[in-house]
Amino acid sequence: MGFGVLLASLLLAAPAAGQERGLEQRLRELERRVEVLRSQLASRDSADIALLRLQIEAITRELEELRLGRDVVVEADSGAFGLGPAAAKVYRVRQGVSIGGYGEALYENFSSEREDGTSSGKQDQIDALRAIVYVGYKFSDQFLFNSEVEFEHASTSQSGSVSLEFAYLDYVISDGVGVRGGLLLIPMGFVNELHEPPTFLGSRRPETETAIVPSTWRENGVGLFGELGSLAWRAYLINGFDAVGGSGSRPSGFSAAGLRGGRQKGSKAIAEDFAGVLRLDYVGPPGLLVGASAYLGGSGQAEMSPLDGETIGASTFIWEGHAEYRAHGVNLRGLVAVANVSDVEALNAAKGLTGDSSIGERLLGWYVQGGYDVLHRSRSTHQLVPFLRYERLDTQNRVPAGFSADPANDRDILTLGLAWLPIGNVVVKADYQIVGNRAETGVNQLNLLLGYLF
């Protein structure tokens with residue numbers, strides 16, 4: 001029997017699509033036939049065997065959709081190698097150019113009062129927050145280029161900016177292993193790599209993944225990535241933070257608010273100190289992800305301490321653990337992150353920081369969130385997800401002797417919200433954030449967001 005006739009007979013013999021039992025039978029039969037063909041014909045007809053394997057993958061995906069629902073397998077959640085669905089489009093083309101993107105517009109309505117009843121002094125605002133273009137090119141099955149260009153806040157004549165978020169080359173060594181080099185997204189947390197608005201709950205990103213894992217965080221470097229069974233991993237060597245910072249093209253450096261100001265973003269990055277980062281994820285039953293990552297490197301960048309004239313090492317260690325489950329309409333996520341910075345007394349002296357403005361020697365943050373698609377069991381193609389997120393964050397969990405911690409940096413945030421996805425690539429979010437801190441200066445706010453990806 002010819003391979004074309006064989007494939008046609010298998011497909012025609014299958015029950016109607018939409019019947020899970022029929023799909024399982026088709027899957028088992030196709031797998032059995034592939035193994036028979038492989039043993040009988042070896043490499044002589046490998047093209048036909050490859051065609052059957054593609055059919056198996058398509059049926060497997062369809063079966064997952066029946067079992068778990070659209071929340072796991074819709075295109076809006078189809079990433080690759082840690083990247084979001086739009087950023088990973090280049091991996092799914094055969095060859096040539098790939099274009100994608102995402103965007104979000106945010107309205108923020110602030111309470112007129114702080115926790116303590118005094119005036120907040122904050123004005124409501126609406127912002128064309130981000131407009132992103134992904135451009136990639138797949139040269140062959142082994143080589144590809146991928147990039148992200150970000151336009152923030154609409155206009156560079158005001159507070160806006162245009163930045164290269166990542167730009168790298170991949171070389172696939174073998175199945176499951178590749179080399180990556182260029183301007184890289186640091187593989188830590190959830191939103192640093194996967195930050196397209198339909199892929200996460202909440203109008204605003206969690207503060208832990210802004211101050212401790214300073215999303216969006218990218219640096220120049222090189223590394224390896226791959227998958228081994230249910231284990232996905234990435235390991236990079238990159239330039240370190242610039243903890244002191246300075247004028248000109250240098251960043252602002254670390255502060256009492258966190259590590260975000262130390263990002264060098266690939267722009268004339270000082271490379272006196274390097275860092276390594278490793279991420280491991282267990283991708284178990286579809287919808288389940290459990291993993292951790294760790295970062296270690298110097299952040300002093302050869303700056304001299306005003307205290308003793310010695311080079312500031314400012315060793316920075318960050319680790320985070322994360323878990324997520326998305327299936328059957330359920331959306332659960334949790335993350336904890338801890339950072340430790342050495343030589344903080346010298347950093348404070350170099351930056352002129354005193355009193356409660358000290359950089360934290362230890363930073364601690366965590367959050368848990370849960371949501372449920374109330375339309376999951378209906379015939380609707382829409383998703384409507386009420387959700388709740390609770391977060392604790394302290395960017396001065398420990399400071400050096402002789403300094404104090406600002407109680408305003410010890411915060412808790414409760415977010416109550418609703419996300420509506422008419423299709424998987426478009427989202428409207430509304431949430432209310434109750435913000436508290438030990439200084440009782442927290443300001444509650446209402447957020448409305450429109451987001452998309454393509």
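Tutor: Let's start with a term: a cavity is a set of grid points where a 1.4 Å probe fits but cannot get out. What you have above is a predicted model, and searching the whole of it turns up two cavities of 30 Å³ or more.

Student: How much space lies in the second largest cavity?

Tutor: About 60 Å³. To read a cavity, look next at the residues around it. Here the lining consists of Leu83, Phe166, Tyr168, Arg180, Leu184, Leu185, Glu193 and Tyr236.

Student: Which strands each supply at least two residues of that lining?

Tutor: β4 (161–174) and β5 (177–185) do. The largest share belongs to β5, which brings three residues.

Student: And pockets? What is the volume of the second largest pocket?

Tutor: A pocket is an open set of points, unlike a cavity. The second largest pocket has a volume of about 410 Å³. It is lined by 17 residues, and those closest to its centre are Leu106, Leu129, Arg130, Arg204 and Arg205. Strands β1 (96–110) and β2 (125–138) each give at least two residues to that lining, with β2 giving the most, four residues.

Student: Back to the cavity lining for a moment. Which residue lies over the face of Tyr168?

Tutor: For a charge over a ring, check how far it sits from the ring centre; the cut-off is 6 Å. Arg180 lies over the face of Tyr168, 4.6 Å from the ring centre. Arg180 also lies over the face of Phe225, this time at 4.2 Å. Tyr168 has aromatic company too: together with Tyr102, Tyr134 and Phe166 it forms one aromatic cluster.

Student: How many aromatic pairs does the count come to?

Tutor: The count is 11 aromatic pairs. To name a pair's geometry, compare the ring planes: under 30 degrees apart is stacked, over 60 is edge-to-face, and the rest are tilted. Take Tyr137 and Phe139: their ring centres are 5.0 Å apart and their planes stand at 55°, so this pair is tilted. Now try Tyr452 and Phe454, with centres 6.4 Å apart and planes at 10°; that makes the pair stacked.

Student: Are the rings of that tilted pair on residues that are buried, exposed or something in between? Where does Tyr137 fall?

Tutor: Partly exposed covers the range between 20% and 50% relative accessible area. Tyr137 has 34%, so it counts as partly exposed. Phe139 is partly exposed as well, at 42%. In the stacked pair, Tyr452 is partly exposed at 34%, and Phe454 is partly exposed at 43%.

Student: What about the whole chain? What share of its residues is buried?

Tutor: Of the 454 residues, 47% are buried. The chain has six helices and 16 strands. For a sense of how the chain comes together, take contacts with a separation of 6 or more: 62% of them join residues 24 or more positions apart.

Student: Finally, what is the mean pLDDT of the chain?

Tutor: The mean is 89, and 83% of the residues reach 70 or more. Over residues 1–20, though, pLDDT is below 50, and this stretch has 27 contacts in the model beyond near neighbours in sequence. Residues 65–77 also stay under 50, with 49 contacts beyond four places in sequence.

Student: How should I read the coordinates where pLDDT is low?

Tutor: Not in detail: predicted coordinates with low pLDDT don't support that kind of reading.

Key
Residues numbered from 1 in each chain as written. Predicted model: local features only at pLDDT ≥ 70, side-chain atom pairs only at ≥ 80, totals over all residues. Heavy atoms only, no water. Phe/Tyr/Trp six-rings, centres within 6.5 Å; stacked < 30°, edge-to-face > 60°. Buried < 20%, exposed > 50% of the residue type's maximum accessible area, 1.4 Å probe, protein only. Lys NZ or Arg CZ within 6 Å of the ring centre and 35° of its normal. pLDDT = per-residue confidence, 0-100. Contact = heavy atoms within 4.5 Å. 1 Å grid on protein atoms, 1.4 Å probe; cavity = no way out; pocket = protein on both sides within 12 Å on 5 of 7 lines; lining within 4 Å. Points joined across faces, edges and corners; volume = space filled by probe spheres on them.
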